[in-house]
Amino acid sequence: DTIALTTANVFRNLNWSGYTGTWTHSTFNYTMYGDLTWGSGMTLTISGAGTFTFARTSGTSTITCNGKSMGNVTINGVGGTVALGDTFSANATNGTITLTNGTFNASNQNLSIPAFSSSNANTRTITMGSGTWTLTGTGTVWNTATITGLTLNQDTSTILLSNTTTTARTFAGGGETFNNLTIGG
């Protein structure tokens, strides 16, 4: 099966449950106002730097990966929440999570992403839970340098900088208190 979603698509819910074909996410950007669920039997290919932007302004949107690796995710819904429904993994090159506005709740799930960024003066909340946040990239892999408007609930989480190359990695915490930070590699 072939499903073509072109640029500038807006979805409330996008549910791939039961789909067993292949879908390629390329450079197109999508705006979500509800839930995103990948099918456990599908093949998801990330071939570009397109972004899923969650823009819900009230209530909770849930991302359920079902073992699939996502691309870039931006959370930009004033008053809305994006929560994880299961373990979250992202493409090694195009899989950064950016929190611009609203709340990101990891729901005690593990994450494996190149980088996480939330450095601005908007009202936003990060609830890290009890999971391990594995940051696989290089450069600035954690960016909360500007913490104005940020509420950080570090809970019992662990942040792991896992890249083993000799390329520099930067953790810009902005003076926040974190639970566990492990620098590997």
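How many positive and how many negative side chains does the protein have, and how far apart do the centres of the two sets lie? The exercises below use a predicted model.

**Exercise 1. Charges**

Task: Answer the opening question from the model.

Solution:
- Lys and Arg are counted as positive, Asp and Glu as negative.
- The counts are 5 positive and 5 negative side chains.
- The centres of the two sets lie 5 Å apart.

**Exercise 2. Overall fold**

Task: State how many helices and strands the protein has, and compare its radius of gyration with that of a compact globule.

Solution:
- The protein contains 0 helices and 21 strands.
- For 185 residues, a compact globule would have a radius of gyration near 16 Å.
- The protein has 16 Å, so it agrees with the globule value.
- The C-alpha trace spans about 50 × 40 × 25 Å along the principal axes.

**Exercise 3. Burial, surface and contacts**

Task: Find what share of the residues is buried, what carbon and sulfur atoms supply to the exposed area, and what share of the contacts joins residues at least 24 apart.

Solution:
- A residue is buried when its relative accessible area is under 20%; 48% of the 185 residues count as such.
- The exposed area of the protein is about 7900 Å², and carbon and sulfur atoms supply 45% of this area.
- Take the contacts between residues at least 6 apart in sequence: 39% of them join residues at least 24 apart.

**Exercise 4. Two asparagines with positive phi**

Task: For Asn66 and Asn108, give phi, location and exposure class.

Solution:
- Most residues other than glycine have a negative phi.
- Asn66 has a positive phi, near 50°. The residue sits in the loop that runs between strand 8 (60-64) and strand 9 (69-70).
- Phi of Asn108 is positive too, near 65°. Its place is the loop between strand 12 (97-105) and strand 13 (111-113).
- The partly exposed class lies between 20% and 50%. Asn66 has a relative accessible area of 30%, so it is partly exposed.
- Asn108 has 48% relative accessibility and therefore also counts as partly exposed.

**Exercise 5. Surroundings of Ser89**

Task: Locate Ser89, name the partner of its side-chain polar contact, and list the residues it touches beyond four places in sequence.

Solution:
- Ser89 belongs to strand 11, residues 88-90.
- Its side chain makes a polar contact with the side chain of Ser69, at 3.1 Å; the cut-off for such a pair is 3.5 Å.
- Leaving out residues up to four places away in sequence, Ser89 touches Cys65, Lys68, Ser69, Met70 and Ser112.
- Ser69 thus appears both as polar partner and in the list of touched residues.

Technical notes
Residues numbered from 1 in each chain as written. Predicted model: local features only at pLDDT ≥ 70, side-chain atom pairs only at ≥ 80, totals over all residues. Heavy atoms only, no water. Helix = DSSP H or I, 4+ residues; strand = E, 2+ residues; numbered from the N terminus. Buried < 20%, exposed > 50% of the residue type's maximum accessible area, 1.4 Å probe, protein only. Polar contact = N/O pair within 3.5 Å; in protein donor to acceptor, adjacent residues only side chain to side chain. Contact = heavy atoms within 4.5 Å. Rg over C-alpha atoms; globule rule 2.2 N^0.38 Å. Areas by Shrake-Rupley, 256 points an atom, 1.4 Å probe, with all protein chains shown as cover. Charge placed at Lys NZ, Arg CZ, Asp CG, Glu CD.
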